[in-house]
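Welcome to the tour. Please open your viewer, colour by chain, and keep the selection panel handy.

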Amino acid sequence: MARNKGRANPEINSSSMADIAFLLLIFFLVTTTIANDKGLLIPLPPDPDQMEDIDIKIPERNLFKIQVNSADKMLVEGEPFTRDVSEVKDMIKEFVNNNGRDPESSDSPKKAIVSLKTDRGTTQAKFIEVLDNIQAAYYEMYAQRAGVSTEEWRKIIDNLKEPDNKRLYDLGRGKTPEGEIEFPMQISIAEPSKIGG
Amino acid sequence: MSKFKKKANTKQDIPTSALPDIIFMLLFFFMVTTVLREVTINVKQRIPDATQLRKLERKSLVSYLYVGEPKKTDQWGTEPRIQANDVFIEPKDVTLWVAQEKDKLNEVERDQITIALKVDEEAKRGLISDIELQLRKANARKLLYSTILKLD
């Protein structure tokens with residue numbers, strides 16, 4: 001009888017369950033690295049060996065030149081640039097949207113090219129900072145044309161499979177029915193110079 | 001007076017029977033989201049920040065290259081190096097590495113391979129442009145410079 005009484009309530013002591021779970025939780029918390037697969041996406045030009053060597057003359061006015069030397073100092077359109085890099089963004093917007101008004105600036109957005117030339121000794125940090133601002137200028141102009149915010153625009157171009165996104169993408173880039181793009185993003189990243197490594 | 005007495009009699013402890021369930025929930029969350037690192041990164045990685053971040057749509061198409069100053073400077077020197085998988089490679093070996101990475105993908109998707117360059121802030125453009133040239137030769141022309149979001 002006394003034995004039965006002892007068996008009446010067979011229960012596993014689960015009070016330490018929380019502790020075990022805590023231990024596992026802390027292990028995963030510590031080992032977790034949340035992957036960040038974000039960054040600045042750029043398309044590279046084709047293999048230089050397979051490109052035909054055609055000398056294309058680009059008029060000076062259609063080029064917006066940014067040069068960075070090995071000490072991370074900048075030249076914008078041939079003049080030393082000491083202000084904040086973010087001002088380059090507005091300069092590019094003005095340059096691209098010139099449409100032939102200023103004879104020193106671009107003919108049309110279609111012909112405008114932003115050229116970024118660095119030195120072999122330029123740090124990646126500076127390069128990223130400048131590239132970020134160039135891309136920001138274009139993304140903001142595109143977003144404005146498509147009537148969305150810049151963040152939304154970047155999300156749109158990351159997911160072009162959706163027809164709605166594709167439509168906005170074509171609108172922003174000014175794609176004509178013939179398939180020509182009126183507002184291309186032309187960023188030329190020149191091969192770095194070797195002066196002063 | 002009797003009112004106070006009653007209050008003193010009520011149970012004071014918080015029921016903790018749901019605690020393991022809550023902890024398990026958190027545990028499962030972290031177990032599911034965790035990506036175990038496949039390679040040990042042997043180079044310094046101070047990733048620069050930027051504002052115009054793009055997200056990669058398909059992670060299976062992404063291959064990583066790490067560039068920076070080696071962590072073990074007495075063994076490898078202080079010059080920035082390129083790390084692919086677990087070894088240091090020279091810029092000229094990048095073409096071969098891309099070919100190997102492409103072989104891992106489906107035939108139809110090989111052209112869509114994206115190379116994510118995780119470059120230390122202090123690395124010089126010279127080395128990066130050498131990699132870019134090799135990538136162009138290997139026909140891997142989608143390039144992502146890994147950055148983190150700039151916070152104002």
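What follows is a walk from one whole chain to the contact between chains, then to a sheet and its helices.

This is a predicted model: local features need pLDDT of at least 70 and side-chain atom pairs count only at pLDDT 80 or more, while totals for chains, interfaces and linings use all residues. Residues are numbered from 1 along each chain as its sequence is written, with chains lettered from A and ligands numbered from 1 in the order in which they are written.

**Stop 1: chain B.** Select chain B and show it as a cartoon: there are 5 helices and 8 strands (DSSP runs numbered from the N terminus, helices being H or I of at least four residues and strands E of at least two). Its C-alpha trace spans about 90 × 40 × 35 Å along the principal axes. Read along the sequence, chain B follows the pattern α-α-β-β-β-α-β-β-α-β-α-β-β.

**Stop 2: where the chains meet.** Now show both chains; 47 residues of chain B are in contact with 47 residues of chain A (C-beta atoms, placed from the backbone, within 7 Å). Highlight helix H2 (19-33) of chain B, which supplies the largest share of the side of chain B that touches chain A, 9 residues. Coloured by type, that side of chain B divides into 23 nonpolar, 9 polar and 15 charged residues (Ala, Val, Leu, Ile, Met, Phe, Trp, Tyr, Cys and Pro count as nonpolar, Asp, Glu, Lys and Arg as charged, and the others, Gly among them, as polar).

**Stop 3: the sheet.** Select the 7 strands of the open, mixed sheet, in the order S2(B)-S1(A)-S7(B)-S6(B)-S3(B)-S4(B)-S5(B) (two strands pair if DSSP finds at least two bridges between them). Its edge strands are S2 (54-55) and S5 (87-89) of chain B. S1(A) and S2(B) pair in the antiparallel sense over 2 bridges; zoom in on Gly39(A), whose bridge partner in S2(B) is Arg54(B). Next, pick S3 (62-68) and S6 (114-119) of chain B, a parallel pair with 6 bridges. Here Ser63(B) stands opposite Ile115(B).

**Stop 4: helices of chain A.** Select H4 (124-146) of chain A, which packs on the sheet and touches S1(A) together with S6 and S7 of chain B. Add H3 (86-96) of chain A: the axes of H3(A) and H4(A) come within 8 Å and cross at roughly 45 degrees (axes are lines fitted to C-alpha atoms, for helices over the stretch in contact, and angles run from 0 to 180 degrees between N-to-C directions). Finish with the side chains: residues at this contact include Ile92(A) in H3(A) and Ile134(A) in H4(A).

Conventions: Two residues are in contact if their C-beta atoms, placed from the backbone, lie within 7 Å.
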